[in-house]
Amino acid sequence: MLKLSRLLLHSSREPLSRKSLFGETTGDFKLLRAITTQTRMSSAMQSFARDVKIFAPYSIYKGKAALSADPRLPTFRKLESGGYRVERRGVILLTFWPAIGERKYDWDKRKVFALSATEVGSLISLASKDSCEFFHDPSMLSSNAGQVRKSLSIKAHADGSGYFISLSVVNNILKTNDRFVVPVTSAEFAVMRTAFTFALPHIMGWDQYTNQLPHGGNQSSAKAVHELQSSEWDR
């Protein structure tokens with residue numbers, strides 16, 4: 001009887017061990033697949049030359065206007081100590097351009113609005129029924145201060161299904177008044193929120209700070225980075 005009990009006990013444990021072993025194998029396989037995927041992505045990114053410009057905007061096309069968003073990294077200045085300091089903060093650049101027909105848009109009439117890190121924080125923290133508004137004067141602290149006024153408004157739909165993102169640009173010098181309105185669904189806004197959250201430490205330069213690999217280590221790379229850093233303040 002004792003031998004039979006031991007035999008039954010061993011048999012009852014065997015399926016459990018196999019199940020546990022199968023679970024561990026499955027977990028290891030998922031981990032290996034994730035590591036392989038990350039390695040492939042890293043290899044793909046490393047295949048680009050350093051002087052190649054990468055463009056990957058997130059664009060939303062609607063009936064009356066289109067909207068795209070992409071990050072602009074900060075520039076760094078080399079210090080006498082040999083270290084680097086942020087010289088110009090990065091932004092997330094929003095670009096609006098009007099529709100001129102069905103699925104046709106006029107890129108030449110585009111207007112831009114550069115979101116600072118704090119403004120990005122306001123956007124990604126919006127709840128489904130929240131709204132916010134930002135005002136910019138690209139010529140601030142110059143003789144043309146107040147001549148160009150930009151207003152970006154993000155207002156939630158009444159039913160919580162998304163937002164209206166609108167840009168108003170008043171240019172008293174050119175006597176123009178442009179307004180763009182792009183309705184954004186909750187799914188599209190979720191993409192923006194996630195992408196902006198990912199980009200935030202990069203436009204602050206914190207990714208370079210933690211990696212201790214600042215941009216602008218030589219004049220040629222600094223020139224290439226500077227050319228990429230166009231924002232509304234240059235227009």
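The exercises below, each with a worked solution, concern a predicted model of a single protein chain.

**Exercise 1. Describe the overall make-up of the chain: how many helices and strands are there, and what share of the residues is buried?**

Step 1. The secondary structure consists of five helices and 11 strands.

Step 2. The chain has 235 residues, and 30% of them count as buried.

Step 3. The accessible surface amounts to about 16200 Å², with 57% of it belonging to carbon and sulfur atoms.

Step 4. Among contacts between residues at least 6 apart in sequence, 51% join residues at least 24 apart.

**Exercise 2. Determine how strand 2 is paired and whether its residues are buried or exposed.**

Step 1. Strand 2 covers residues 65-72. Strand 1 (residues 58-61) runs antiparallel to strand 2 and is joined to it by four bridges. Isoleucine 60, for example, has leucine 67 of strand 2 as its bridge partner.

Step 2. The connection between strand 1 and strand 2 is a hairpin with three residues between the strands.

Step 3. Strand 2 also runs antiparallel to strand 5 (residues 91-101), with eight bridges between the two. One bridge partner in strand 5 is valine 91, which is matched with arginine 72.

Step 4. As for cover, seven of the eight residues of strand 2 are buried.

**Exercise 3. Work out the strand order of the open four-stranded sheet, and place serine 153 and helix 3 relative to its strands.**

Step 1. The strand order is 8-9-10-11, and the pairing is antiparallel. Strand 8 (132-136) and strand 11 (176-185) are the edge strands, each pairing on one side only. From one strand to the next, the twist averages 10°.

Step 2. Strand 9 pairs with strand 10 (residues 162-171) over nine bridges in the antiparallel sense. Within this pair, arginine 149 has valine 170 of strand 10 as its bridge partner.

Step 3. Serine 153 belongs to strand 9, which spans residues 148-156. Serine 153 has a relative accessible area of 7%, and therefore counts as buried, the cut-off being under 20%. Beyond its neighbours within four places in sequence, serine 153 contacts Cys132, Glu133, Phe164, Ile165 and Ser166.

Step 4. Helix 3 lies across strand 9, strand 10 and strand 11, and runs at about 100° to strand 11.

**Exercise 4. Identify which residues of the largest nonpolar core touch the most other members, and follow the contacts of leucine 115.**

Step 1. The core contains 32 residues, of which Ile92, Leu94, Phe96, Leu115, Leu152 and Phe196 touch the most other members. Helix 3 (residues 186-204) gives the most to this core, namely six residues.

Step 2. Leaving out residues up to four places away in sequence, leucine 115 touches Val91, Ile92, Leu94, Val120, Leu123, Phe134, Leu152 and Phe196.

Step 3. As background, nonpolar side chains tend to be buried together in soluble globular proteins.

**Exercise 5. Find the salt bridges, and state whether their residues are buried or partly exposed.**

Step 1. The count comes to three salt bridges.

Step 2. Glutamate 188 and lysine 62 meet through their side chains at 3.0 Å, N to O. Because glutamate 188 lies in helix 3 and lysine 62 in the loop between strand 1 and strand 2, the pair ties together parts that are 126 residues apart in sequence. Glutamate 188 is buried, at 19% relative accessible area.

Step 3. Aspartate 70 and arginine 72 form a salt bridge whose closest N and O atoms are 2.2 Å apart. Aspartate 70 is buried at 12% relative accessibility, and arginine 72 is buried at 13%.

Step 4. Lysine 111 and aspartate 178 form a salt bridge with the closest N and O atoms 3.8 Å apart. Lysine 111 lies in strand 7 (residues 111-115) and aspartate 178 in strand 11, so this pair ties together parts that are 67 residues apart in sequence. Lysine 111 is partly exposed at 25% relative accessibility, and aspartate 178 is partly exposed at 25%.

Technical notes:
Residues numbered from 1 in each chain as written. Predicted model: local features only at pLDDT ≥ 70, side-chain atom pairs only at ≥ 80, totals over all residues. Heavy atoms only, no water. Buried < 20%, exposed > 50% of the residue type's maximum accessible area, 1.4 Å probe, protein only. Contact = heavy atoms within 4.5 Å. Pairing = 2+ DSSP bridges. Core = buried A, V, L, I, M, F, W, Y, C linked by side-chain atoms within 4.5 Å. Areas by Shrake-Rupley, 256 points an atom, 1.4 Å probe, with all protein chains shown as cover. Axes fitted to C-alpha atoms, helices over the stretch in contact; angles between N-to-C directions. Salt bridge = Lys/Arg side-chain N within 4 Å of Asp/Glu carboxyl O.
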